[in-house]
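Thanks for making the time this morning. I would like to walk through one model with you, taking the ligand first and then the contact between the chains.

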Amino acid sequence: MVIETENLTKYYGNKIGCRDITISVGKGEIFGFLGPNGAGKSTFIKMLVGLLFPTSGKAFVLGKPVGDVDVRKKIGYLPENFKYQDWMTGEDLLSFHASLYKLDKKNAAAKMEEVLDIVKLKGHERYRIGTYSKGMQQRIGLACALLPDPDLLFLDEPTSALDPVGRKEVRDIMTKLRSMGKTVLLNSHLLSEVEIVCDSAVIINKGSVIKRGKMEDILESKLILEIHAEDLNSEVLNKLRDFDPGLTYSNNMINMEIKDKDATHHIASIIINGGGKLFELSPRRVSLENVFINLVEGGEQR
Amino acid sequence: MIAIAAASFKEALRKKLFILVAALTLIYLILFGTINYFVIRDISREGTQNTLNTIEVASTIVSFQGLYFSSMLVAFLTIIVSIGSISSEIESGVIHSIITRPIKRSSYILGKYLGMGVLSVSYAIFLFAAIISICAIFQLPIVKTLEPLSVMKGLLFFALEPLAILALSIFGSAAFKTLSNGIFVVSIYILGLIGGVMEQIGSVLNNQSLVSWGIISSLISPFDIIYRQMLSSILSNIGVTNPFMVASEMTNTAPSTWMLIYTFAYIPGLVILAIRKFRLKDIS
Ligand SMILES: Nc1ncnc2c1ncn2[C@@H]1O[C@H](COP(=O)(O)OP(=O)(O)OP(=O)(O)O)[C@@H](O)[C@H]1O
Ligand SMILES: [Mg+2]
């Protein structure tokens, strides 16, 4: 396992940061670490990169207990606030980080070129970071994190300042790293992205895990059906309620949840055989956002 | 460690305050040269009927005007470049991407110490050399009585003072917020100046409790001791060691050996304290 934690817990004084988090992330995975604001995501990542010291529990990264200095040669980290020395130029910053990573001179120059290219900042490296836009600063931060050719990358909201193209680029970087057998721990609020890119995820709320698993298990196999049909009698509607007692019907639109896609054509034939006019029937997957909001709001109500 | 040192050296050079210090230094050196010029002119006009007095005046210039204010300038520079060296990186969050790289937290502290140490020692050497050269250019009588070896020894102590202040300031920067550390370091520096005067007045007046208070404050803030050791190394053959004592009786106020050993231990002691404070510090 590339990341392994066991009941990892952090209290700030007597305030909870995160509590009893046990996860394991395998090699070549993109792992989503999700949760609402203040859930403890950054706290968790900061313990894994050695900024914070756990109150209790254990954590291993790349097979070594956290805090091992040598293992960090193979770890990249993009902090949530991505703040860098604004008096340095992009080039200065990269060579500073190259020497922190103890890359040798020749290797470093090549690597710097390469990461500048990856984050699309070629041509800006001679300017001071103080003159960069927010998104450019986040890009140069990502470049620093990519310098050592990391086996494990921690990204704390890596696309928070990026434009849609930049977000896509970061997604592509992550999938490319995965194809090279690297591991990424991603913390993001952009659930549509997480859904596309992550293999598995945990969702935490108020410091504790509330859902975990492979992405498809989290999304379950449920589908949402949106049906536009007219002349529906109550007999038909009652039959449909057998599939989902919670369906809604108004303005000739039905909205219902089904367990698997085989139900779709049953539903279509019920409507048609019952004399209804079926205009449109579109199944779509439950989005991660739906799951997330249900879980978090459900948690609030309890 | 070297990477941290180089970065903090460059960063200090880029601070706007550094330009201020450079301007202050220039003005100060010009003023110092001017004073020398007038003193020499007036001494030669009076003739050499009172050589002892002449030497005394000249020595006062060197010790008081020259080295006293230079040591303050060096202290000033050291304090402004270092009070926020760690705390401001924590406050801004720049540190997040630094100490998560393969570098020990102790190397981070030592790198900071090294980078700024080189800077303030270079500045100290420059000022010291400038003051001595100005005295030599104007051919102050005192210059002829100076032994090269004792000047070198003096320089050693002159450069030791910013290193001691730096150790204190880095400890404070690892432990407190930048603003608090500024207040912390400046108060301790001033405490040392007052303590030094107390101790010497106490020994002149034979007042033991003044001396004790002076010694206690010197333990917390040994910078004045280093300064006095520096003067006594240079001027031992003349005997003037404290500007405030010039007018009254002259006492041999070179610090005791124990006090010297203490000041040498002060620097590594505080750096170790800084490392211990920082090693397990939560950074969020
Ligand atoms: N330095 C700190 N001192 C005290 N409490 C803190 C500190 N940092 C974070 N917390 C608390 O810990 C909890 C988790 O914070 P954390 O920053 O990990 O949340 P997050 O999940 O990253 O949120 P966001 O999505 O807003 O980034 C919050 O309740 C927060 O108030
Ligand atoms: Mg966060």
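Around ligand 1, in what I should say at once is a predicted model, strand β2 (15–21) and helix α1 (41–49) of chain A each supply at least two residues of the shell. That shell counts 16 residues, and the closest are A:K15, A:S42, A:T43, A:E80 and B:S284, which fits with the ligand lying between chains A and B. By class, the shell is made up of 4 nonpolar, 8 polar and 4 charged residues.

As for individual distances, an oxygen atom of ligand 1 is 2.5 Å from an N or O atom in the side chain of A:T43, while polar backbone atoms of A:G38 and A:G40 are found at 2.8 Å and 2.9 Å from an oxygen atom of the ligand, respectively. Taken alone, ligand 1 exposes 630 Å², and the protein buries 69% of that.

Turning to the protein contact, how much area do chain B and chain A bury between them? The figure is about 2400 Å², with 62% of it on carbon and sulfur atoms, and B:T100, B:R101 and B:P102 supply 30% of the area that chain B buries against chain A, more than any other three residues.

Between the two chains there are 12 residue pairs in polar contact, both residues at pLDDT 80 or more, and 1 salt bridge, in which the side chains of B:D282 and A:K10 meet at 2.5 Å, N to O. On the side of chain B that touches chain A, helix α1 (residues 2–14) of chain B gives the most, with 6 residues, and by class that side has 10 nonpolar, 6 polar and 9 charged residues.

Conventions
Residues are numbered from 1 along each chain as its sequence is written. Chains are lettered from A and ligands numbered from 1 in the order in which they are written. This is a predicted model: local features need pLDDT of at least 70, side-chain atom pairs count only at pLDDT 80 or more; totals for chains, interfaces and linings use all residues. Side-chain values use heavy atoms; hydrogens and water are left out. Buried area is the accessible area (1.4 Å probe) that two parts lose on being put together, summed over both. A salt bridge is a side-chain nitrogen of Lys or Arg within 4 Å of a carboxyl oxygen of Asp or Glu. A polar contact is a pair of N or O atoms within 3.5 Å; within protein, one must be able to donate a hydrogen and the other to accept it, and residues adjacent in sequence count only if both atoms are side-chain atoms. Helices (H or I, at least four residues) and strands (E, at least two) are DSSP runs, numbered from the N terminus. Ala, Val, Leu, Ile, Met, Phe, Trp, Tyr, Cys and Pro count as nonpolar, Asp, Glu, Lys and Arg as charged, and the others, Gly among them, as polar. A residue is near a molecule or strand if one of its heavy atoms lies within 4 Å of it. Accessible areas come from the Shrake-Rupley method with a 1.4 Å probe; for residues, only the protein chains shown count as cover.
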